[in-house]
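Please find below a short note on the structure you asked about. The points are numbered so that each can be read against the model.

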Amino acid sequence: MALPQAGQEIRGRIRESQDRLDEIRDEQDRLRRERRDLASQVHTVTAEIANLEKQIGSGAAALAELDLQLVDYGFQVDETTREMLTTRDELALRRVELRQRLREIYKRGPLQTFKVLLQARSFGDLISRYKYLHLIAVYDRTLVDQVRQLEALLAQKRSQLASERMRMGGLRNRKVEEMDDLGRLERQRQQRLTRVQARETSSQERSSQLQREEARLSTLIVDLERERLEAERLAGIEPAAPDLTTADLGRLDWPVEGRIAYRYQQTSPDLAVPRRGIGILAPRGTPVTAVKDGTVQWTERRGSYGLTVFVNHGPGYWSVYLYLDELRVEIGDRVVAGQVVGTVGSDGQREQMEFQIYEPDSSGQPRQVDPERWLREQA
């Protein structure tokens, strides 16, 4: 029996929806692989959040397709139910008719056909009676065949309905799983967003703190330079020749050997404040040496910069060593180039130290400059 047009259209929509769902599933698998790749690499949380948002969008699309399929399967179940009820009603009618025919045949007995033929009054009447009996036999066989076909069709419709209901149950379970996955992805995205917001807040606080520290550091250098000059004036001491001169540009040894973490005036994604020195990566405890002869003018812990050493190399010339773990000098010590002033510590994120240099401006006041222009080129 051919399917009604409505049933064919419903099945067509379900196939199209299933094709779209399969494409969405492939996209979800690709995104999961991409996320695993991201997790195995050094990556930013922003990239992971973007991946999670793509997965959430894909999951929402999958849910929408499942909802469409559930609606269409609901229509299909209703259509199959109607067809099954129609078939059952038609079968009931045919069975009633078949029972009536069997009852009549039984009442007349097995010799009824011969009686009808023997009662013929002429050859023509015999032929007519034979045709009539033949038509009745054909009708009875057709009725039996119809009953059998309707019974088979009813069984088929029952099986089809059970299959469609099972399919709907499977779709409902998949929808529940998709909703659970979507909820899990939403929670993960929120966790990542919370982490990013916390990092942004921490970065802003750290940037503000470093800005304050930089301002105090610059002010401290100027104050120390003024106090030193005032002390020399009151003591009647003539200014000594500076230990550090422009002849040392590009010739000073590095305070510690290591890879550069950041350069002068460089910014980073987690810190918007331009760097005032260069960061040098080295294991904690590695000795840090003075780059030139000078006098230790100040040693103390400076907020987020940790232990810090200021060495004066003459009017307006200063070298500064930050993020130290230990100090090996005291205020007033005279140091020579290569002498250990402390050891490498950490900035709270990695083991390193920071190196800064000040040189006099046109008015003789110390100003920060790029330390690398004073250091020899690294191998």
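The points below go from the whole chain to single residues.

1. Confidence. This is a predicted model. The protein chain averages a pLDDT of 79, and 77% of the residues score at least 70. Confidence is lowest in helix α1 (residues 5-39), with a mean of 62, and highest in strand β3 (residues 287-289), at 97. Where pLDDT is low, the predicted coordinates should not be read in detail.

2. Order of elements. The protein chain has four helices and ten strands. Along the sequence they follow the pattern α-α-α-α-β-β-β-β-β-β-β-β-β-β. The elements named in the later points include helix α4, which covers residues 123-234, strand β5, residues 307-314, strand β6, residues 317-327, and strand β9, residues 351-360.

3. Burial and surface. The protein chain has 379 residues, and 38% of them count as buried. Its accessible surface comes to about 22,000 Å², with 52% of that belonging to carbon and sulfur atoms. Among contacts between residues at least 6 apart in sequence, 71% join residues at least 24 apart.

4. Helix α4 and residues before it in sequence. Which residues of this helix can be used to look at pairs separated along the chain? Ala162 is in helix α4, and its C-alpha atom is 9.1 Å from that of Val77, although the two residues are 85 apart along the chain. Arg172 is also placed in helix α4. The C-alpha atoms of Arg172 and Leu70 are separated by 7.7 Å, with their positions 102 residues apart along the chain. Ala162 counts as partly exposed because its relative accessibility is 44%. Arg172 is partly exposed too, with a relative accessible area of 45%.

5. A nonpolar surface patch. Phe123, Leu126 and Ile127 form a nonpolar patch on the surface, and together they have about 280 Å² of accessible area. Phe123 lies in helix α4. Its relative accessibility is 62%, so Phe123 counts as exposed, the cut-off being over 50%.

6. Salt bridges in general. How many salt bridges does a search of the whole structure find? The search finds 13. Side chains of opposite charge can pair when their charged atoms come close. One group is a network, in which salt bridges link Asp253, Glu257 and Arg376.

7. Three single pairs. Arg328 forms a salt bridge with Glu326, the closest N and O atoms being 3.4 Å apart. Arg328 is partly exposed at 47% relative accessible area, and Glu326 is partly exposed at 38%. Arg350 pairs with Asp347 in another salt bridge, where the closest N and O atoms are 3.8 Å apart. Here Arg350 is partly exposed, with a relative accessible area of 33%, whereas Asp347 is buried, at 8%. Glu359 forms a salt bridge with Arg373, and the closest N and O atoms are 2.8 Å apart. This pair links distant parts of the chain: Glu359 is in strand β9, Arg373 is in the segment after β10 (366-369), and the two are 14 residues apart. Glu359 counts as buried because its relative accessibility is 10%, while Arg373 is partly exposed at 39%.

8. Thr308. Is Thr308 buried or exposed? Thr308 has a relative accessible area of 0%, so it is buried. The residue is found in strand β5. A polar atom of the Thr308 side chain lies 3.1 Å from the backbone oxygen of Gly306.

9. Tyr323. Most residues other than glycine have a negative phi. Tyr323 is not a glycine, yet it has a positive phi of about 60°. Tyr323 is found in strand β6. With a relative accessible area of 2%, Tyr323 is buried.

Notes: Residues numbered from 1 in each chain as written. Predicted model: local features only at pLDDT ≥ 70, side-chain atom pairs only at ≥ 80, totals over all residues. Heavy atoms only, no water. Buried < 20%, exposed > 50% of the residue type's maximum accessible area, 1.4 Å probe, protein only. Polar contact = N/O pair within 3.5 Å; in protein donor to acceptor, adjacent residues only side chain to side chain. pLDDT = per-residue confidence, 0-100. Contact = heavy atoms within 4.5 Å. Areas by Shrake-Rupley, 256 points an atom, 1.4 Å probe, with all protein chains shown as cover. Patch = residues over 30% accessible without salt bridge, like charges linked within 9 Å, V, L, I, M, F, W, Y side chains within 5 Å. Salt bridge = Lys/Arg side-chain N within 4 Å of Asp/Glu carboxyl O.
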